[in-house]
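Colleague: Before we discuss the details, please display the sequence and the model together. I should then like to proceed by questions and answers.

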Amino acid sequence: MNSKPATFLLQHLHNKIGDARKLCVAFSGGLDSSVLLAGLAELRDNALPDIRLRALHIHHGLSRFADDWVAHCQTFCLQRDIPFSVIKVQVNAQDGGIEAAARTARYQAFSESLTAGEVLLTAQHLNDQCETFMLALKRGSGPAGLSAMSADSSAQGYRLLRPLLDLSRNQLEAYATQHQLAWIEDDSNRDARFDRNFLRLDILPDLYARWPHFAQATARSALLCAEQEALLDELLSESLKTLTDQQGSLSVDGLRHVSAVRRSALLRRWLGACGARMPSREQLQRIWDEVALSREDAQAQLVLGKMMVRRFRQRLYVLPEHQPLKDQILCWDPVEKLVLPDGLGCLIADHVLTAQTADCLIRQPRADEKITVRFQVQGIIEKVGRDRARQAKKLWSELGVPPWERDRIPLIYYNDQLMAAPGWFTTRQSLTENNEALWRIVWSAA
């Protein structure tokens, strides 16, 4: 930064935010976010009065000073006429370590707090980028991981800007000194047990002393890796589109006829598009060997964080974690809508006079029949339209229902007799006798 750090920063921020005007700053109260927030407030007050700026502080509850930090941040924002809010989060240290868990909780809170059209700004700088690159190198990451942090990206449905990535911590300190900013020094930043702190405290100072432009060099390497990934995305997009169906599943047969290197690149991009955590090299190989190439009757799967990869009929699927439902039994009064568990929608029953529709029509229950909804069926099913009864497993297979969906389809029972799987089939026992009244069962996603 030149001899006028304030002027330089304002122009820099002006260029980086472009036409974005609804800005939410992730404000920890540390040096970096304090400079970012103060600079944007100054830009708003002197050049861009249409900026709508607010600050969001995440209270992790990990430090005994956490409440003091909230008070500091609130005062900082009040002095600059910046709306300020706090979100308390729970950090589960079992989720990949405390650093990763805190980051996950933080970005989840951002995602839930941002309003329509609002852009999130975080304050990572050049030295942070160098640390991220080194941590990726330690993990043995490929070009995607070594791309480190992007200055402008999208995540969980919102835009994320990191406008300070080109600037060093020394440059930020120059602005903070000129403006006499007060900031928080997180006590945990001195704890070298954390990998990032170990790099920052014990390793990188020697590298910067030996090679003053080391941070800039790693940033260039990260940018080159990002460009390589962007080029691969472009070159493989058509192939990936051809191999993927409307449900987002991936063709195993299509992957058999490409090289192992191309297959791995396609699998990574497919997993990324599905929102899955990026697999390690070993996990990627296991997806192919143990899931894609498993026996046809096997129910192989590989867990990636809170999602899993499974195969059905020569196609791979990425599935979210689901609540087990096979043991649940729900009592239902069809006068009322029945809300199903785990986001499966609801069941609605309508009285009808005739059976002139293809919807799920079954007879109404008799006086001695109790209605329940279940999610598992075994044994023989006498499906209407079939010439003979089928084992439940075989019927689901004939209908093309993947194994993991079979325990998530609501099943209508009268006492212990299966009547229907709305949207899939009705049973012979659901047919009317002696002009019994009918009703239509609708399984709705809302």
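**Strands, helices and ring pairs**

Colleague: Which residue stands opposite Ala26 in E2?

Modeller: This is a predicted model, in which local features need pLDDT of at least 70 and side-chain atom pairs count only at pLDDT 80 or more, while totals for chains, interfaces and linings use all residues. Residues are numbered from 1 along each chain as its sequence is written, and side-chain values use heavy atoms, with hydrogens and water left out. Strand E1 (residues 22-26) and strand E2 (residues 52-59) pair in the parallel sense over five bridges; strands pair if DSSP finds at least two bridges between them, and strands (E, at least two residues) and helices (H or I, at least four) are DSSP runs numbered from the N terminus. Opposite Ala26, in E2, stands Leu56.

Colleague: In what order do the six strands of the open sheet lie?

Modeller: The pairing within this open sheet is mixed. One parallel case is that of E1 and E2, while E5 and E6 pair in the antiparallel sense over four bridges. The order of the six strands is E3-E2-E1-E4-E6-E5.

Colleague: Which are the edge strands, and what is the average twist from one strand to the next?

Modeller: An edge strand pairs on one side only, as do strand E3 (84-88) and strand E5 (152-155). From one strand to the next, the twist averages 30°.

Colleague: Which residue takes a positive phi in the hairpin of E5 and E6?

Modeller: Across these two strands, Asp152 stands opposite Leu161 in E6. The hairpin has two residues between the strands. The phi concerned is near 50°, and the residue that takes it is Gln156.

Colleague: What angle does the direction of helix H3 make with that of E2?

Modeller: Helix H3 (residues 66-79) packs on the sheet and touches E2 and E3, where contact means heavy atoms within 4.5 Å. The directions come from axes, which are lines fitted to C-alpha atoms (for helices over the stretch in contact), with angles from 0 to 180 degrees between N-to-C directions. For H3 and E2 the angle is about 170°.

Colleague: Why do the buried residues of H3 lie on the same side of the helix, and how wide is their arc?

Modeller: Buried means under 20% relative accessible area, exposed over 50% and partly exposed in between (1.4 Å probe, protein chains only); by this rule Ala66, Trp69, Val70, Cys73, Phe76 and Cys77 are the buried residues of H3. They lie on the same side because the arc they cover around the axis is narrow enough to put them there; it is the arc of the directions from the helix axis to the C-beta atoms. On the other side of H3, Asp67, Leu78 and Gln79 are exposed. The arc of the buried residues is only 130°.

Colleague: How far does helix H4 reach from its first C-alpha to its last?

Modeller: Helix H4 (residues 98-113) has 16 residues. The expected span of a helix is 1.5 Å times one less than its number of residues, and for H4 this gives 22 Å. The reach in the model is close to that value, at 22 Å.

Colleague: Which strands are included in what covers the buried residues of H4?

Modeller: The buried residues of H4 are Ala101, Ala102, Ala105, Tyr107, Ala109, Phe110 and Ser113. Their cover includes E1, E2, E3, strand E4 (119-121) and strand E6 (158-161).

Colleague: How many aromatic pairs does the structure hold?

Modeller: Rings of Phe, Tyr and Trp (its six-membered ring) pair if their centres lie within 6.5 Å; planes under 30 degrees apart count as stacked, over 60 as edge-to-face and the rest as tilted. By this rule the total is seven.

Colleague: How many residues apart are Phe27 and Phe76?

Modeller: Phe27 and Phe76 form a tilted aromatic pair, 5.2 Å centre to centre with 45° between the planes. Both are buried. Phe27 lies in the loop between E1 and H2 and Phe76 in helix H3, so that this pair links distant parts of the chain, with a separation in residues of 49.

Colleague: Is Phe214 buried or exposed?

Modeller: Phe214 forms a stacked pair with Trp211, 6.3 Å centre to centre with 25° between the planes. Trp211 is partly exposed, with a relative accessible area of 45%. Phe214 has a relative accessibility of 16%, and therefore counts as buried.
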